[in-house]
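Hi,

Here's the structure I promised to pass on. Have a look at it first, and then read on for what turned up.

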Amino acid sequence: LPWLRTAGQPSLDAFYNETQAKLFLKFYEQPARIVFNEFMEATWNYVTNITKRNRKNMFQKEVEKSQFMLYFGSRARLFKTDHFQNPDVKRMLSKLQNIDKSALPTEDLQKYNRLLTYMETTYSTAEVCLDEGPCIPLEPDLEEIMATSRDEKELLWAWQRWRDAVGRQIRPVFEHYVQLSNKAAQYNGYKDMGALWRAKYESNTLEEDLKRLFDELQPLYLNLHAYVRRSLFRYYGPEVINLRGPIPAHLLGNMWAQSWDNILDIALPYPKKPPEDVTKIMKNQHWKPEKMFQEANIFITSLGLLPAPSEFWVKSMLEKPADGREVECHASAWKFYRGNDVRIKKCTEVTIEDLLSIFHQMGHIQYYLQFQNLSVIYQEGASPAFEEAVGSVITLSASSHKHLLSRGLLSQQHQDSEEEVNFLLGIALEKIAFIPFSYLVDVFRWKVFDGTITKSIYNQEWWNLRLKYQGLCPPVTRSEEDFDPGAKFHIPASVPYVRYFLSLVLQFQFHEALCRASGHAGPLHRCDIYNSKVAGKMLGDVLKLGSSRPWQEVLKEMTGQSNISAKSFLSYFKPLLHWLVNENVKQGDILGWLDYSCSFEEKSTDKVSFLGMVLEPEQARLGQWVLL
Ligand SMILES: C[C@H](N[C@H](C(=O)O)[C@@H]1CCCN1C(=O)[C@@H](N)CC(=O)O)C(=O)N1CCC[C@H]1C(=O)O
Ligand SMILES: [Zn+2]
């Protein structure tokens, strides 16, 4: 590692012993808080007011932060810690050594930061223009269309135009992002950036654990996919849906088909018992964004956990500004390494979907508040999946009928067996549909980073994974001019995604443990830990640890198991799986999508593509589907 070589150093052992290490770590704390705080403030100022000046200032702070991290990261490597006594000193020194992109030489780093900001800002400021008339952004307009429109043509328009506006602009830059990412990873001692991202999980069985969990959850997904395909077939007809093939990706109620809760109306098992429209109730009760955040705060403090501090309410951006400022609307939680300065940035709409996603964001805030007295080095989740699971586990209680009723968001409990199936299907459309999507995003990116997926096949491989894992096809033929993964925030924003897959499993494992601790008896999906100080203490004790202990130890203390397990997820949905299997058998539906392939722009265009499937010319005449 060239920048490590230190010529003419006095005898290392004398200088770099354990006592010196403790001093070194102590000396790191204060300057780190200052440097990180200034960097976060500059980044916050940019994403909440996208201007040239704010971008320039953010770049400046980024360079300063990286110089600081390079200084300490390189010196942390000089300590020979294998004979050190204190495990904490060893753990902190080893965490300090991973400095990610700060390891890049300055001009590479500046180029990398420009690429990252270009991609993320392209995503955040992109608009789709109607033939004549206004241009509309993703949030709230295009997302609203994808969630509520039932016009297949309109859905196709929004789906395709968003990808034209974002994916295509990001594609030429993405390959340079990949190269510089891998260069940074190698400077940190990893073979590529995927390896650096995976190292965050401190597990040498991560990839097989992921595969095992995915396989355990597959029966749930295949049955839900078949059932939803049947529902869409009934609604949109045989010319749109093939009962034995993949589902067109624009019909699932979401721009990325990552969660399907917005098409519950189409897929409702017992349409005679429609669930109440909580969004309508919220609007009738004149809910405002601030009240939605207060609602989450009330839940969290009912557990005996920490309230959102006054700075949160003053400094957060809870709504899309009305003063014409360009902002990044994608919701996120922020810590500023300065006591109680924690914030959320969200372009909140008054809907039940946004209320529940606010619980997710407030979970991040709670983690920040709970670990703020730890060393800066430990101010992160026990694993990235723990960070994501905290808010989501609270959402599982908050979305229960019992809780919504107690908060005046439902007029009755809706507990008969048919209403219960309707409820569970609603949760399944959010959580089970998300299994393959949250799994494949980083399978794609790990392959891009390790070179398996080269730039000439980015889009083809993306859709191969979308077909293989999700059983979806694009509604129109795609080509290598397109870059559909770039149309999903986390790709241009370079935020890892497998954390959400692991969080899916973990949040149910947490939910079961917290429900048991709170004294809940009965089915897991009826549990609401609201007001349980015992559950709150159990959760708070996990959050206070930050990343000071390996997550396996933390999980064992909380749940008694030291490995992540899909058992709780499966038991939560057990009643629904029975219902789905019966329903699919009754309808004679097959599970899966056989060997179909999605239509992709071929060089020779003699093939006929139809709604995402490829037809050989002679079979097209006979109307047969080609099984490739
Ligand atoms: C809406 C949510 N926004 C993320 C999140 O809250 O995780 C934001 C953007 C990326 C990281 N992030 C943060 O806030 C981090 N600062 C948290 C932290 O690292 O402390 C999001 O992207 N989600 C929620 C479910 C699935 C996924 C999606 O919508 O695809
Ligand atoms: Zn999150």
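One definition before we start: the expected span of a helix is 1.5 Å times one less than its number of residues. Keep in mind that this is a predicted model.

Now try that on helix H20, residues 458-470. With 13 residues at 1.5 Å each, H20 should span 18 Å, and its end C-alpha atoms are indeed 18 Å apart, so the two agree. Plenty of H20 is tucked away: Tyr458, Asn459, Trp462, Trp463, Leu465, Arg466, Leu467, Tyr469 and Gln470 are buried. What covers these buried residues of H20? Helices H7, H8, H10 and H19 are part of the cover, and so is strand S6 (472-473). Right after H20 comes Gly471, which has a positive phi, near 70°.

Next, the zinc ion (ligand 2). Its protein donors are His360 (NE2), His364 (NE2) and Glu388 (OE), at 1.9 to 2.1 Å from the zinc. Written along the sequence, their spacing is H-x3-H-x23-E. His364 belongs to helix H15 (residues 352-370) and Glu388 to helix H16 (residues 384-398), so this pair, 24 residues apart, links distant parts of the chain. Both His364 and Glu388 are buried.

Last, a pocket. The second largest one holds about 280 Å³ of space. It is lined by 17 residues, and Ser124, Pro137, Lys320, Val327 and Cys329 are the closest to its centre. Helices H5 (106-125) and H6 (138-148) each give two or more residues to that lining, with H5 giving the most, three. By class, the lining has eight nonpolar, four polar and five charged residues.

Cheers

Technical notes
Residues numbered from 1 in each chain as written. Chains lettered and ligands numbered in written order. Predicted model: local features only at pLDDT ≥ 70, side-chain atom pairs only at ≥ 80, totals over all residues. Heavy atoms only, no water. Donors = N, O, S within 2.8 Å, 3.2 Å for Na, K, Ca; no water. Helix = DSSP H or I, 4+ residues; strand = E, 2+ residues; numbered from the N terminus. Buried < 20%, exposed > 50% of the residue type's maximum accessible area, 1.4 Å probe, protein only. 1 Å grid on protein atoms, 1.4 Å probe; cavity = no way out; pocket = protein on both sides within 12 Å on 5 of 7 lines; lining within 4 Å. Points joined across faces, edges and corners; volume = space filled by probe spheres on them. Nonpolar A, V, L, I, M, F, W, Y, C, P; charged D, E, K, R; others polar. Contact = heavy atoms within 4.5 Å.
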